[in-house]
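New to this one? Take a moment to look it over, and then we'll walk through a few of its helices and aromatic rings together.

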Amino acid sequence: MSTKRDCYEILGVARDASENQVKKAYRKLAMKYHPDRNPGDKEAEDKFKEATEAYEILSNPELRQRFDQFGWAAFERGRNGFGGAGHIDLEEALRAFASAFGGGFGGGFGGGIFEGLFGSMGRSSRRQDQRARGADLRYDLEIDFEEAAFGSRRELSLNIVEDCEVCHGTGADENSRRETCSRCNGHGMVVNSNGFFQVRQPCPQCGGRGESIRNPCRNCQGDGRVRVSRKLNLTIPAGVDTGSQLRLTGKGEGGARGAPPGDLYVILHVRPHELFARQGLDTHCEVPIPFHIASLGGEIQVPTLRGEIPLKIPAGTQPGRVFTLPDLGITDVHGRRVGDHHITVTIEVPTGLPRNSRDLLAAFGATLKESHHSRLAAIRKKAANFFKRKTKLDDLNNAKP
């Protein structure tokens, strides 16, 4: 359970506060705790990040509705791809603040801190060398139930951006000269005034690189990256389920100007199975049994993930009864826990009986009494009580006043 404070409490606004009231409250706190006004103050930095995170949620109608309904649980990692137990980092908070009050950080980093899990993770807008780490990528993969239960290997085909092989990611032709950017004097950053604050952002002229290229690489047009087709081998561990994420470090988009690449996140989606169903680590299977075995008892073979095994059926077994077979379900991805396998029995009525079987069945039925069918007897008793009360009401309603 999250221990983070309520967003409304953080900003000091009522739960029905308007968008303008939320923004004013955030601006007041942000001005008070902004790192530029509190250099080296870790407590102020934490309060600035906390206020920014609360504002990002309450200023977004969709996120605010989800927070009102579920609280911080709506943004726990693994459920929706958001948040986690801690707060956002300072870079995200500064970027969100600049986006809210102008003077954005540029360079394609716009948007809120909850803009998305993929495509903007891991980038830094304040690194002095401004080598933007490559974007993280998302790949949705459908797998069969068997692959999820026992593991599998897949080959993925991706069309991604990687370092140019000609210029090795520099963006420069072989004999090109590099020149210091005239606007930022090679720092890669410029400073814009924004009210009480000075906001640093990547230089728009050189893109934060601090230098320009006189003769750009012809293969990549000076970008340093090209789009290529790649095949990757993916190992799917046993025990994964729908929503499981597999991270392939360094297999995302290539970074700008030789910066490190991003990561590839493979999101798994397990197809429904025709025989087995799954709930967590437990598996379920419905098995029909003949009525004579349900009546007299016996032994049948039932399917499990590890093959068919015998199951004893007690005499008088009713349809819908569930038999639990311990430790025959799914093994978790760490190999530490194993779920159970549940068999739900139904009674199958035989069809296409030969004449002698029908005669024997009729003779058998003639020997049965109502006491042999306790559920039917109970239904009839309840029905008799209903009609008895109904008769009394009819007599009362039909009586002359």
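What follows is a short tour of some aromatic rings, the helices that carry them, and two further helices.

Keep in mind that this is a predicted model.

**The aromatic rings**

A search through the whole structure turns up 7 aromatic pairs. A pair of aromatic rings is described by the distance of the centres and the angle of the planes. Two of the pairs share Tyr 26, and here they are side by side:

| Pair | Centre to centre | Angle between planes | Arrangement |
|---|---|---|---|
| Tyr 26 and Tyr 55 | 4.4 Å | 10° | stacked |
| Tyr 26 and Phe 97 | 6.4 Å | 70° | edge-to-face |

Planes under 30 degrees apart count as stacked, so with its 10° the pair of Tyr 26 and Tyr 55 gets that label. Planes over 60 degrees apart count as edge-to-face, and the rings of Tyr 26 and Phe 97 sit at 70°.

Both pairs reach across the chain. Tyr 26 belongs to helix H2 (residues 19-33) and Tyr 55 to helix H3, 29 residues apart. Phe 97 is found in helix H5 (residues 90-101), so its pair with Tyr 26 ties together parts that are 71 residues apart in sequence.

Are these rings buried or exposed? Tyr 26 and Phe 97 are both buried. For Tyr 26 the relative accessibility is 0%, while Tyr 55 has a relative accessible area of 8% and is buried too. Add Phe 48, and you have one aromatic cluster made of Tyr 26, Phe 48, Tyr 55 and Phe 97.

**Helix H2**

Back to the helix that holds Tyr 26. H2 has 15 residues, which at 1.5 Å a residue should span 21 Å, and its end C-alpha atoms are indeed 21 Å apart. Its buried residues are Val 22, Ala 25, Tyr 26, Ala 30, Met 31 and Tyr 33.

**Where H3 meets H4**

How do H3 and H4 lie relative to each other? The axes of H3 (residues 42-58) and H4 (residues 61-70) come within 6 Å and cross at roughly 105°, so the two helices are roughly perpendicular. On the H3 side the contact is made by Glu 56, Ile 57 and Leu 58, and on the H4 side by Leu 63, Arg 64 and Phe 67. Sorted by class, that gives 4 nonpolar, no polar and 2 charged residues.

**Helix H9**

Last stop: H9 (residues 374-398). Its 25 residues should span 36 Å at 1.5 Å a residue, and the end C-alpha atoms agree, being 36 Å apart. H9 is hardly covered, with a count of 0 buried residues.

Methods:
Residues are numbered from 1 along each chain as its sequence is written. This is a predicted model: local features need pLDDT of at least 70, side-chain atom pairs count only at pLDDT 80 or more; totals for chains, interfaces and linings use all residues. Side-chain values use heavy atoms; hydrogens and water are left out. Axes are lines fitted to C-alpha atoms, for helices over the stretch in contact, and angles run from 0 to 180 degrees between N-to-C directions. Helices (H or I, at least four residues) and strands (E, at least two) are DSSP runs, numbered from the N terminus. Angles under 35 degrees count as roughly parallel, over 145 as roughly antiparallel, 65 to 115 as roughly perpendicular and the rest as oblique. Contact means heavy atoms within 4.5 Å. Ala, Val, Leu, Ile, Met, Phe, Trp, Tyr, Cys and Pro count as nonpolar, Asp, Glu, Lys and Arg as charged, and the others, Gly among them, as polar. The expected span of a helix is 1.5 Å times one less than its number of residues. Buried means under 20% relative accessible area, exposed over 50%, partly exposed in between (1.4 Å probe, protein chains only). Rings of Phe, Tyr and Trp (its six-membered ring) pair if their centres lie within 6.5 Å; planes under 30 degrees apart count as stacked, over 60 as edge-to-face and the rest as tilted.
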